[in-house]
Every structure is written in C-alpha cells, then in structure tokens.
Amino acid sequence: MTDATPGATPGTTATTGGILAADVLARHGVEVVFTLSGGHLFPLYDGCVQRGIRLVDTRHEQTATFAAEGWAKVTRGVGIAALTAGPGVTNGISAITAAWMNGSPLTVLGGRAPQARWGSGSLQELDHVPIVASVTKTASTATTTARIPAEIDAALRAATTPHRGPTFVDVPMDVFFAAAEVVLPEASARGESAVEPDSDAVAAVARLAANAAKPVLVVGGDVYWAGAEAAMCAAAEAARIPVFVNGLGRGTLPADHELAFSRARSVALKGADLVIVAGTPLDFRLGFGRFGDARVVHLADTPDNVSTNVALAGSAAGDLERVFALLADHATRGARPDHEPWIARLRDEEDARRAKERDGLEADTSPIHPARIYGELIPRLDRDAIVIGDGGDFVSYAGKLVDTYTPGCFLDPGPYGCLGMGSGYALAAALAHPERQVVLLLGDGAAGFSLMDFDTLVRFGVNVVAIVGNNGIWGLEKHPMRMIYGYDVAAELRPGTRYDEVVRALGGDGELVREPDDVGPALDRAFESDGPVLVNVLTDPADAYPRSSNLG
Ligand SMILES: Cc1ncc(C[n+]2csc(CCOP(=O)(O)OP(=O)(O)O)c2C)c(N)n1
Ligand SMILES: [Mg+2]
C-alpha cells in the first residue's frame with residue numbers, strides 16, 4: 001500500500017481499491033450506499049467512511065437493492081447498492097430485475113471471492129456476472145485495483161444514460177484491499193449522452209397530431225427520468241391533447257391540471273383516433289398497444305425502445321424533453337381540428353366516474369371496505385406526499401383513487417410486479433426527503449416480504465406511515481383463482497395478524513384498526529408521530545378489486 005491517507009486529494013493518488021471506488025462514487029455525486037454487511041465489502045465501507053458517503057445498512061439485500069432503486073426513483077439520480085459476494089448478490093436479483101424493467105438508474109457493486117485463488121473453492125465463490133448479465137445494461141469484474149475507477153465510472157455512466165437501467169461491477173476481495181495509483185476519470189454532466197431526436201420524425205408525429213380530432217397522450221416513466229415534464233406539459237397545452245399518466249409518469253402532469261385525466265382512460269383509449277404513448281413500453285399495462293381503431297405513435301428515449309408490438313403510425317426516439325419541445329413548437333404554428341368537444345366528453349366521463357367512487361370512499365361497513373381507508377388518507381396527504389404501493393388488491397385501489405400532483409410521488413413496483421419492494425422504497429424516500437410525508441401501503445401478504453426492515457426504518461429514525469390493508473388473504477390471487485376454478489388454494493393468510501405489534505417490537509409504533517370511523521384518527525396519530533408507524537387496518541376479505549385481468 002503506497003498511499004491510503006484518509007482524505008487524500010482525488011486525482012493522481014495511490015490508494016486502496018475501496019477508496020478508489022468511493023472517490024468515483026463521490027465524483028458522481030453519490031451520497032448514500034445501501035448495503036448489508038459482508039467482509040468482501042470492507043474496503044468499500046472504509047472508502048465510504050473516508051470520503052463521507054453515508055452507508056445505510058438493511059436487514060436483507062433485497063431491501064438494500066430496492067432502496068437503491070427507490071433512491072433513484074425519488075431523486076432521479078443514480079442509486080447504489082453494495083452487495084456482498086454470493087448470496088448477497090443473488091438476494092438482490094429481483095430488485096435488479098425490477099430496475100431493468102423500470103429503466104431505473106441503479107449501480108450494484110458486488111463483493112467477490114479473491115481472484116488469486118479463483119477456482120479453489122473460496123467462501124461464496126460465484127461468478128455473478130453471467131447471472132446478472134441478462135438483467136443489466138453492463139456487468140463486469142474489476143480484475144485489477146487500477147481498473148476499479150474506470151469500471152465503476154463506466155457503470156455509473158451506463159446506468160444514467162438513456163435508456164436508463166441497472167449496471168453491475170464486482171470486485172474480488174484481494175483486488176479491493178490492494179492499492180494502486182490511478183488518474184481518476186472526470187465525472188460527466190447529467191444528460192450529456194441524451195440522443196437528439198430526428199426532427200423529420202418529430203415533424204411527422206406533429207402532423208398526425210395536427211390531423212387528429214380525438215387525440216390522447218399517455219405519459220410514462222421515461223418522461224419523468226428525462227426531466228421532461230415541463231416540456232411535455234407545454235406540448236400538451238399547445239396541441240390541446242388530453243393526458244393520461246402511467247407508472248412513474250404519475251405526477252408529471254398534476255392530477256388537477258385541466259388536461260389531466262385518469263378515470264376516463266378506457267373510454268379515451270377506445271374512442272381516440274390517435275394515441276401517442278411517450279416514455280413507456282406498449283406492454284400489458286397499455287393493452288399491448290392496441291387501442292380500438294386509433295392510430296398509434298410511440299415516443300421513446302432511444303431507438304431500441306420504440307415498440308415493435310404493433311404497426312405504428314409514427315415514432316420518434318431521443319431526448320424526450322427535445323421531442324416535446326419540438327412538438328410544442330409545431331403545435332403553436334399549424335392549424336388543427338377543435339379538440340374541445342373531445343376534452344369536454346372525457347371530462348364528463350371523468351367526473352361521472354369520480355362521483356361513483358364516493359360510496360367506497362365513504363363506506364361505513366364493517367369489516368372495513370378497503371376504499372374507505374383511502375377516503376380517510378387522501379384528504380390528509382400533502383401535494384408532494386410520496387405514496388408507495390406494495391401489495392395486490394389493496395394497492396390497486398390506491399392506484400385508482402389516489403391522485404398524484406408532483407413527479408416521483410407515486411411509486412409502484414412497475415411491470416416486474418415484485419412484491420416486497422415497499423420497505424426499501426420507503427426507506428429511500430424518507431431518507432431523501434425527510435421533510436415530506438412518506439406513506440407505505442402494504443397488503444398483508446406483501447408485508448411479509450420486508451417487514452423485518454422496519455428495524456432499518458427504526459434504526460435510521462425515518463418518518464414512514466405504513467398502512468396495512470389486512471384482509472387475511474392473498475386477495476389478488478384468491479379471488480381470481482375462485483373465479484376460474486370455483487375454489488382456491490394457497491391463498492389464505494392468518495386473519496387479524498398483529499403486524500402493528502411486530503413493528504412495535506422492532507422499536508417503531510403501531511396500532512390496530514377494526515372499525516371504519518377509527519381509520520382517520522389513527523392516521524392523524526401516525527402522521528404526528530416520529531419514526532415509523534404501522535397502522536394495521538382489518539379489511540373485508542370478501543371484497544375483490546374489480547378488474548378484468550391480472551396476468552396480461
Ligand atoms: C414476489 C412476488 N410473489 C408473488 C407475486 C404474486 N402476487 C401478486 S399479487 C399477490 C397477492 C398480494 O396479496 P396482499 O399483499 O395481501 O394484497 P391483497 O391482494 O390481499 O390486497 C401475489 C401473491 C408477486 N407479484 N410477487
Ligand atoms: Mg391481503
């Protein structure tokens with residue numbers, strides 16, 4: 001070791017692999033690394049301590065990795081998870097896969113058995129790279145200490161370059177502990193690598209929009225990741241196009257904007273003559289891109305992400321902020337049919353459907369109707385409250401009933417649909433935005449995947465209000481199985497389990513609610529309380545969320 005002086009000036013320096021890794025993270029503005037301890041990672045921990053990067057240690061690598069993805073979702077910066085060799089990395093794979101499907105910028109640093117003895121059967125000796133390769137943009141091993149900065153720098157750049165996604169670097173233990181002299185790479189500015197869209201393609205899309213009488217714009221997560229919400233809003237306003245949001249696109253147009261719609265979605269998508277889908281795949285959430293007789297346009301952040309599911313009337317790929325800026329420019333110049341009758345029709349539909357929701361929101365039946373919980377929660381939410389949904393039917397109600405006004409404020413697992421992301425996302429949201437309300441909605445089934453990580457929420461002293469919709473069943477599986485087979489199996493949980501007492505035992509707070517009128521006061525107490533609180537609401541197991549399909 002030539003120079004491992006704590007606080008040595010970054011630049012040309014001879015220092016340990018762990019400090020080199022931390023230097024690169026710091027240059028990219030990384031403030032927090034989510035992890036769970038393992039000896040393979042000690043040099044990285046030491047580097048983070050030397051360079052002032054906060055280590056947040058969880059109780060499961062799945063939570064650490066979801067927390068890193070959640071950090072990305074609530075900050076739009078890269079999230080970092082450090083996972084120890086072997087089972088540490090494999091425990092993170094569901095969360096890495098979720099980030100892959102969500103296009104979330106995530107870099108996972110893995111420990112790895114020593115290189116010098118590779119093949120001799122060291123503890124936890126596993127080649128992670130081929131295992132994670134199919135769900136990451138890049139996956140590599142830093143084979144020498146001198147390579148660590150370049151490998152991690154490349155991984156961070158790849159993760160944050162559109163189309164964003166997870167990247168992976170593992171570092172053999174002996175390589176991590178050793179020292180090297182390296183010139184550290186310069187960190188790149190955010191968005192530097194965004195691709196300029198083809199202006200002719202955008203002009204063709206603008207012509208389609210200008211000829212449509214009943215257009216609809218569907219906005220997804222890549223608009224959020226691109227920071228393109230203002231440009232999108234300007235384009236929608238200039239072209240007078242009704243907007244629906246999808247996934248992490250929620251909040252890019254505030255729910256109370258005059259062009260924002262949600263409940264009228266099925267009517268709009270069936271009745272439209274043009275559907276422009278921006279920054280989200282034409283997947284099961286969007287009927288695989290088939291919208292009645294409408295022509296379909298796909299706007300994506302890279303050419304590779306333009307859908308091939310359906311014949312498209314038009315498409316454009318590249319920096320979505322630029323795409324919308326160009327569309328707005330075209331819309332302010334040309335003539336177009338009057339969209340106001342179409343907008344008014346959708347507004348009538350929206351209002352009628354909202355009016356029908358009142359019964360559920362105000363239901364005073366016992367056992368409690370899940371919608372009643374939202375009837376109590378919604379008026380207590382700030383405009384920038386971060387709401388996280390981890391569960392089945394209980395969370396489907398939230399997806400429908402909770403309106404989002406601020407970007408990055410409604411977090412669901414995305415198309416991978418992995419239960420168990422809740423505690424990790426909540427941890428990250430509350431650490432990144434300690435001044436905001438963070439509400440974690442949990443099905444009782446979903447709660448079982450990560451309830452132990454309320455210990456982490458307690459240790460880090462974060463304010464999270466968790467609400468369990470406790471129906472004693474895996475509702476989103478039980479009801480559909482009954483419909484198909486006339487009976488169900490493997491769908492029962494124990495009724496009335498005291499998840500609130502689990503959280504109390506871990507050092508947080510919690511209470512049980514059995515009656516509808518007690519929900520509101522319990523939520524008031526939870527929002528006033530310091531640290532994590534779990535409000536365990538016993539709900540009606542007979543209630544099934546009305547849906548047409550859950551498998552896609
Ligand atoms: C990791 C994982 N395992 C299983 C599933 C399948 N699954 C989807 S919804 C659901 C039921 C969720 O039950 P709960 O959280 O209690 O919510 P409820 O539907 O009862 O409101 C299950 C098991 C999944 N999506 N993810
Ligand atoms: Mg349940």
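## Helix 1 against helix 7

In this predicted model, helix 1 meets helix 7 through a short list of residues. Helix 1 contributes Gly-17, Leu-20, Ala-21, Asp-23 and Val-24. Helix 7 answers with Ile-148, Pro-149, Ile-152 and Asp-153. By class, the residues of this contact are six nonpolar, one polar and two charged.

Helix 1 spans residues 17–27, and helix 7 spans residues 148–160. Their axes lie 9 Å apart and pack at an angle of about 30°. Angles under 35 degrees count as roughly parallel, and helix 1 and helix 7 are therefore roughly parallel to each other. Their crossing is right-handed.

## The sheet with strands 2 to 7

Which order do the strands take in the open sheet that has parallel pairing and includes strand 3? The order is 3-2-4-5-7-6, six strands in total. Strand 3 (54–57) and strand 6 (138–141) are the edge strands, and each pairs on one side only. From one strand to the next, the twist averages 20°.

Strand 2 (residues 32–35) and strand 4 (residues 79–83) run parallel and are joined by two bridges. Phe-34 has Ala-81 of strand 4 as its bridge partner. Helix 3 (residues 61–75) lies across strand 2, strand 3, strand 4 and strand 5 (106–112). Helix 3 runs at about 165° to strand 4.

## Domain layout

The protein chain is divided into three parts: domain 1 (12–183), domain 2 (199–351) and domain 3 (357–538). Between domain 1 and domain 2, the C-alpha centres lie 37 Å apart. Seven residues from domain 1 and 10 residues from domain 2 make the contact.

What classes of residue make up the side of domain 1 that touches domain 2? That side has one nonpolar, three polar and three charged residues.

## Helix 9 against helix 13

Helix 9 (residues 199–211) packs with helix 13 (residues 320–333) at an angle of about 50°. The axes of helix 9 and helix 13 are 9 Å apart. Why is helix 9 called oblique to helix 13? The angle of about 50° makes helix 9 oblique to helix 13. Helix 9 passes helix 13 in a right-handed crossing.

On the helix 9 side, the contact is made by Ser-199, Val-202, Ala-203, Val-205, Ala-206 and Ala-209. On the helix 13 side, Val-323, Leu-326, Leu-327, His-330 and Ala-331 take part. This contact of helix 9 with helix 13 holds nine nonpolar residues, two polar and no charged.

## The sheet with strands 14 to 19

A further open sheet has six strands in the order 15-14-16-17-19-18, with parallel pairing. Strand 15 (410–411) and strand 18 (509–513) stand at the edges. Each has a single partner strand, so one side of each is left without a neighbour in the sheet.

How many bridges pair strand 16 with strand 17? Strand 16 (residues 438–443) and strand 17 (residues 465–470) pair over five bridges, in the parallel sense. Leu-440 stands opposite Ala-466 in strand 17.

Note on methods
Residues are numbered from 1 along each chain as its sequence is written. Chains are lettered from A and ligands numbered from 1 in the order in which they are written. This is a predicted model: local features need pLDDT of at least 70, side-chain atom pairs count only at pLDDT 80 or more; totals for chains, interfaces and linings use all residues. Axes are lines fitted to C-alpha atoms, for helices over the stretch in contact, and angles run from 0 to 180 degrees between N-to-C directions. Helices (H or I, at least four residues) and strands (E, at least two) are DSSP runs, numbered from the N terminus. Angles under 35 degrees count as roughly parallel, over 145 as roughly antiparallel, 65 to 115 as roughly perpendicular and the rest as oblique. A crossing is left-handed if the near helix is turned anticlockwise from the far one by less than a right angle, and right-handed if clockwise. Two residues are in contact if their C-beta atoms, placed from the backbone, lie within 7 Å. Ala, Val, Leu, Ile, Met, Phe, Trp, Tyr, Cys and Pro count as nonpolar, Asp, Glu, Lys and Arg as charged, and the others, Gly among them, as polar. Domain bounds come from an automatic or database domain assignment. Two strands pair if DSSP finds at least two bridges between them.
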